[in-house]
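Q: I am new to this structure and would like a close look at a single part of it. Please choose one part and take me through it with care, showing how it sits among its surroundings.

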Amino acid sequence: MPVFYPTRSALFYDTTPEWAKAAFFLAVTMSVAGCIGLLLGQSWTGIAFALSLLGILARNLNAYVLSNGFQAFGMCGVIMPVLVFLIAVFLLYHAQSLTS
């Protein structure tokens, strides 16, 4: 079933460069790995969350600095990336506090 986006959002997603898609993949994959690592009590979770934070920053750099993210999503589209960033910082802090 196809997903229909408003015109500006569809154009934004269609013109996203491959490195930004790779950064999104890195952020999601490392976040999932870090959460699983936290559940299992692993010591490498801080590294996973740091890589996730790097992916989040790279994706947001493309979305809001290098591209027209504000035009595509408006100011309401800024709330979710800020919340994701804050949650990632908390998870990194939490993982570091558990390993030290």
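A: The part chosen here is helix α3, and a good place to begin is its meeting with helix α5, where Thr45, Gly46, Phe49, Ala50, Leu53, Ile56, Leu57, Asn60 and Tyr64 of α3 touch Gly77, Val78, Pro81, Val84, Phe85, Ala88, Val89, Leu91, Leu92, Ala95 and Gln96 of α5. Sorted by class, the residues of this contact comprise 15 nonpolar, five polar and no charged. Please keep in mind throughout that this is a predicted model.

Before going further into α3, it helps to have the whole chain in view. The protein chain contains five helices and zero strands, and when it is read along the sequence the pattern is α-α-α-α-α. Its C-alpha atoms occupy a box of roughly 45 × 30 × 20 Å along the principal axes, and of its 100 residues, 29% are buried. Among contacts with a separation of 6 or more, 67% join residues that stand 24 or more positions apart.

Helix α3 itself runs over residues 45–66, and helix α5 over residues 76–99. The 22 residues of α3 should span 32 Å at 1.5 Å a residue, and the distance between its end C-alpha atoms is 30 Å, so the two values agree. The same kind of check can be made on its partner: the 24 residues of α5 should span 34 Å, while the end C-alpha atoms of α5 lie 36 Å apart, which again agrees.

Turning to how these two helices are arranged, α3 and α5 pack at an angle of about 160°, and their axes are 9 Å apart. Angles over 145 degrees count as roughly antiparallel, and α3 and α5 are therefore roughly antiparallel to each other. Their crossing is left-handed.

Helix α3 also packs against helix α2. Here the angle is about 150°, with the axes 7 Å apart, which makes α2 roughly antiparallel to α3. The crossing of α2 and α3 is left-handed. On the α2 side this contact is made by Trp19, Ala20, Ala23, Phe24, Leu26, Ala27, Met30, Ser31, Gly34, Cys35, Gly37 and Leu38, and on the α3 side by Thr45, Ala48, Phe49, Leu51, Ser52, Gly55, Ile56, Ala58, Arg59, Asn62 and Leu66. By class, the contact of α2 with α3 holds 15 nonpolar, seven polar and one charged residues. Thr45, Phe49 and Ile56 of α3 are among the residues that meet α5, and Thr45, Phe49 and Ile56 are likewise among those that meet α2.

The next matter is which residues of α3 are covered. Those that are buried are Thr45, Gly46, Ala48, Phe49, Ser52, Leu53, Gly55, Ile56, Asn60, Asn62, Ala63 and Tyr64. As general background, an α-helix has 3.6 residues a turn, so residues three or four places apart point the same way. The buried residues of α3 pack against α1 (7–14), α2 (18–40), α4 and α5. Seen from the other partner, the buried residues of α5 are Gly77, Pro81, Ala88, Leu91, Leu92 and Ala95, and the elements that cover them include α2, α3 and α4.

Single residues show how this works in detail. Thr45, which belongs to helix α3, has a relative accessible area of 1% and is therefore buried. Once its neighbours within four places in sequence are left aside, Thr45 contacts Gly34, Gly37, Leu38 and Ala95. Ser52, also in helix α3, is buried because its relative accessible area is 0%. With the neighbours within four places again set aside, the contacts of Ser52 are Leu26, Ala27, Met30 and Ser31.

On the α5 side, Leu91 is found in helix α5, and beyond its neighbours within four places it touches Cys35, Leu38 and Phe49. Leu91 and Thr45 stand 46 residues apart in sequence, while their C-alpha atoms are 9.2 Å apart in space.

Finally, α4 (residues 69–73) includes Gly69, which counts as buried because its relative accessibility is 0%. Leaving aside neighbours within four places, Gly69 is in contact with Phe12, Ala63, Tyr64 and Gly74, and of these, Ala63 and Tyr64 are among the buried residues of α3. Gly69 and Phe12 are 57 residues apart in sequence but 7.3 Å apart in space, taken from C-alpha to C-alpha.

How values were computed
Residues are numbered from 1 along each chain as its sequence is written. This is a predicted model: local features need pLDDT of at least 70, side-chain atom pairs count only at pLDDT 80 or more; totals for chains, interfaces and linings use all residues. Side-chain values use heavy atoms; hydrogens and water are left out. Axes are lines fitted to C-alpha atoms, for helices over the stretch in contact, and angles run from 0 to 180 degrees between N-to-C directions. Helices (H or I, at least four residues) and strands (E, at least two) are DSSP runs, numbered from the N terminus. Angles under 35 degrees count as roughly parallel, over 145 as roughly antiparallel, 65 to 115 as roughly perpendicular and the rest as oblique. A crossing is left-handed if the near helix is turned anticlockwise from the far one by less than a right angle, and right-handed if clockwise. Contact means heavy atoms within 4.5 Å. Ala, Val, Leu, Ile, Met, Phe, Trp, Tyr, Cys and Pro count as nonpolar, Asp, Glu, Lys and Arg as charged, and the others, Gly among them, as polar. Buried means under 20% relative accessible area, exposed over 50%, partly exposed in between (1.4 Å probe, protein chains only). The expected span of a helix is 1.5 Å times one less than its number of residues.
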